[in-house]
Amino acid sequence: MIKSKLLITACLAIASCGFVATKGPEESLKKVFKDDFYVGAALNGRQVSGKDPKAIAIVEHQFNSISPENLLKWESVHPALDKYNFAPADAYVAFGQKNDMFVVGHNLVWHNQTPDWVFEDTQGNAVSKDVLQKRMADHISTVAGRYKGKIGGWDVVNEALNDDGTLRESKWYKIVGEEYLADAFRLAHEADPKAELYYNDYNLWKPAKRDGAIRLVRNLQEKGVQVDGIGMQGHWGLESPSIEQIEESIIAFSKLGKVMITEFEIDVLPNPSNRSGADIDATFAADEKYNIYKNGLPDDVQQQLAQRYADIFALFHKHRDKISRVTFWGVTDADSWLNDWPMKGRTSHPLLFDRNYQPKPALKAIINSVSKN
Ligand code: G3I
C-alpha cells in the first residue's frame with residue numbers, strides 16, 4: 001500500500017507518468033487485462049460521428065469493448081410509433097466491428113429515456129396491457145434483430161428495482177405487471193439467440209438491492225428464461241461503497257452467471273445529499289459551492305482518485321474468474337454525465353482521461369494494481 005502510494009505521488013510529480021494517450025509504446029488497459037476481462041468505454045454521438053477523433057484514438061488504443069451512452073436507448077432509436085432512427089446506432093456498431101470489439105447494447109427496456117407515446121394512446125390515456133406488450137415486442141424484435149450477430153450482449157432490462165429491492169413501479173410494471181421482465185428477455189432471445197442477455201442496475205452493492213436483483217434474476221432463470229449475467233453499474237464515489245460491499249455482490253452475482261462492472265466512474269465532487277447511484281430524477285439547483293474543482297483537480301485529490309481506482313481494480317483482478325467486463329461511463333472527463341448531475345454545469349473529474357485527452361495518474365495506478373494480485 002505504502003509502495004503504491006509513493007509511486008502514485010511520483011507519477012503526479014511528472015504529470016502523466018510518461019504516458020501518451022494516443023500513440024507510443026505505452027501500456028493499454030485492454031492489453032493489461034487481456035486474459036482477465038474486457039475493458040470498455042461508453043461512446044457518445046460526437047465520437048461515433050467522427051467529431052471527436054482524439055477520444056476515438058484513446059478508445060482504439062485502450063479498450064476492447066464499447067457501450068452506447070445514449071444511442072441505443074428507446075428515445076434515440078425509436079422516437080415515434082412508426083419511426084426508427086438507426087443512423088447513429090449503425091455507426092456505433094460499425095465502429096465496434098471494425099475494431100473487433102465486444103459491442104454492448106444498452107438498453108431495451110427502461111423507465112427513463114422512453115418516450116411518452118410508448119405508454120399512451122393518441123388521447124394521452126394509458127394504453128392497455130396488450131398494446132404495450134405489442135409495442136415492446138415490435139421494439140425488441142426490430143432493434144435487437146437489426147444487430148443480430150453484431151451486438152454481443154444486451155442490457156435487456158435496466159433499473160427495474162428500487163433501492164430496497166422491491167420492483168420499481170414503472171409504467172412497464174403498472175401496465176403489464178411483473179411479467180414484463182420475462183417478456184423482455186424472451187423477446188431479446190428470440191431476436192438474437194446468440195446474444196448474451198443482462199440485467200443492469202445501480203446501487204447493487206446495497207444488501208437489500210443485491211438481494212432484490214438475485215431474486216429477480218433467479219425467478220427468471222427458474223422459469224427457463226435466459227439471463228446470462230448482471231451488470232453492476234459502478235457509479236461510485238471516493239469513499240463509498242466499500243471494497244467489501246462491492247466484493248460481496250460480485251461473489252453473490254457470480255453464482256447466477258456473468259458479472260459485469262458497467263457504467264464505471266468515481267465521482268470526486270461533494271454532493272448536497274447522501275446520494276449514491278444514478279437516479280437521474282434526483283437533482284438540485286446549481287450551486288457553486290458544490291463546484292469546487294473548476295480549475296482542475298488538486299494533487300491530493302488526484303492521488304486519492306488514483307488510489308481508489310487502484311484499490312477497486314485490484315478487487316476486479318482478484319475476481320477475474322467471475323468478471324467478464326469492466327466498462328467506463330465515458331472516455332474523458334469532458335464527456336461525463338456527472339458534469340450535469342445531480343446539478344447542472346459543474347466541472348467533474350471522474351474518468352481516466354482529462355479534458356485535454358491526457359491520461360490521469362489513475363490509469364497508471366490501475367495498471368500497477370495488477371501486479372499486487
Ligand atoms: O435529447 C436532448 C437533446 O435533444 C439536446 O440537444 C441535449 C442538449 O442538452 O439534451 C438531450 O438530452 C440529454 C440526453 O442525455 C442525451 O444527451 C438529456 O438532457 C440528459 O438528461 C441525458 O442524460 C443521460 C442520462 O442517462 C439520462 O437518463 C446521460 O447522458 C447518460 O450518461 C445517462 O446514462 C445512464 C444510463 O443509461 C443508465 N444508468 C444511469 C446512467 C447515468 O444516469
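A residue counts as exposed when its relative accessible area is over 50%, as buried when under 20%, and as partly exposed in between. The exercises below use a predicted model.

**Exercise 1. Classify Asp100 by its relative accessibility, and place it in the chain.**

Step 1. Locate the residue. Asp100 sits in the loop between α6 (87-98) and β3 (102-109).

Step 2. Apply the cut-off. The relative accessibility of Asp100 is 70%, so it counts as exposed.

Step 3. Check a spatial partner. Glu60 is 40 residues apart from Asp100 along the chain, and their C-alpha atoms are separated by 10.0 Å.

**Exercise 2. Decide for Lys171 and Ile175 of helix α8: buried, partly exposed or exposed?**

Step 1. Place them. Helix α8 covers residues 171-176 and holds Lys171. Ile175 is in α8 too.

Step 2. Classify Lys171. Its relative accessibility is 39%, so Lys171 is partly exposed.

Step 3. Classify Ile175. Its relative accessible area is 19%, so Ile175 is buried.

Step 4. List contacts, leaving aside neighbours within four places in sequence. Lys171 is in contact with Asp116, Phe119, Leu132 and Val176. For Ile175, the partners are Phe119, Ala126, Val127, Ser128, Lys129 and Leu132.

Step 5. Add distances. The C-alpha atoms of Lys171 and Trp110 are separated by 9.5 Å, with these positions 61 residues apart along the chain. Ile175 and Lys255 are 80 residues apart along the chain, and their C-alpha atoms are separated by 32 Å.

**Exercise 3. Describe how helix α7 packs on helix α9.**

Step 1. Take the geometry. Helix α7 (residues 129-146) and helix α9 (residues 179-191) have axes 9 Å apart, at an angle of about 30°.

Step 2. Name the arrangement. Angles under 35 degrees count as roughly parallel, so α7 is roughly parallel to α9.

Step 3. Give the hand. The crossing of α7 past α9 is right-handed.

Step 4. List the residues. From α7 come Lys129, Gln133, Met136, Ala137, Ile140, Ser141, Ala144 and Gly145; from α9 come Glu179, Tyr180, Asp183, Ala184, Leu187, Ala188 and Ala191.

Step 5. Sort by class. The contact has 9 nonpolar, 3 polar and 3 charged residues.

**Exercise 4. Do the same for α12 and α13, then say how covered α13 is.**

Step 1. The axes of α12 and helix α13 (residues 361-369) come within 8 Å and cross at roughly 30°. The two helices are therefore roughly parallel.

Step 2. The crossing of α12 past α13 is right-handed.

Step 3. On the α12 side are Gln302, Ala306, Tyr309, Ala310, Phe313 and Ala314, which meet Pro361, Ala362, Ala365, Ile366 and Ser369 of α13. By class, this contact has 9 nonpolar, 2 polar and no charged residues.

Step 4. Turn to burial. Helix α13 is mostly covered, with 8 of its 9 residues buried. Lys364 is among the buried residues.

**Exercise 5. Which residues touch the most other members of the largest nonpolar core?**

Step 1. Recall the background. Nonpolar side chains tend to be buried together in soluble globular proteins.

Step 2. Name the residues. The core has 108 residues, and Phe264, Phe316 and Phe328 touch the most other members.

Step 3. Find the main contributor. Helix α12 (residues 299-318) supplies the largest share, 9 residues.

Step 4. Inspect Phe264. Not counting residues up to four places away in sequence, Phe264 touches Gly234, Trp236, Tyr309, Ile312, Phe313, Phe316, Val326, Thr327, Phe328, Trp329 and Leu351.

**Exercise 6. Where are the cis peptide bonds that involve Asn107 and Pro241, and which phi values are positive at Gln113 and Asn203?**

Step 1. Set the expectation. Most peptide bonds are trans, and most residues other than glycine have a negative phi.

Step 2. Take the bonds. His106 to Asn107 is cis, with omega near -5°, and Asn107 lies in strand β3. Ser240 to Pro241 is cis, with omega near 0°. Pro241 is in the loop between β6 (229-237) and α11.

Step 3. Take Gln113. Its phi is near 50°. Gln113 lies in the loop between β3 and α7. With a relative accessible area of 23%, Gln113 is partly exposed.

Step 4. Take Asn203. Its phi is near 55°. Asn203 lies in the loop between β5 (196-201) and α10. Its relative accessible area is 2%, so Asn203 is buried.

Technical notes: Residues numbered from 1 in each chain as written. Heavy atoms only, no water. Axes fitted to C-alpha atoms, helices over the stretch in contact; angles between N-to-C directions. Helix = DSSP H or I, 4+ residues; strand = E, 2+ residues; numbered from the N terminus. Parallel < 35°, antiparallel > 145°, perpendicular 65-115°, else oblique. Left-handed = near helix turned anticlockwise from the far one by under 90°. Contact = heavy atoms within 4.5 Å. Nonpolar A, V, L, I, M, F, W, Y, C, P; charged D, E, K, R; others polar. Core = buried A, V, L, I, M, F, W, Y, C linked by side-chain atoms within 4.5 Å. Buried < 20%, exposed > 50% of the residue type's maximum accessible area, 1.4 Å probe, protein only.
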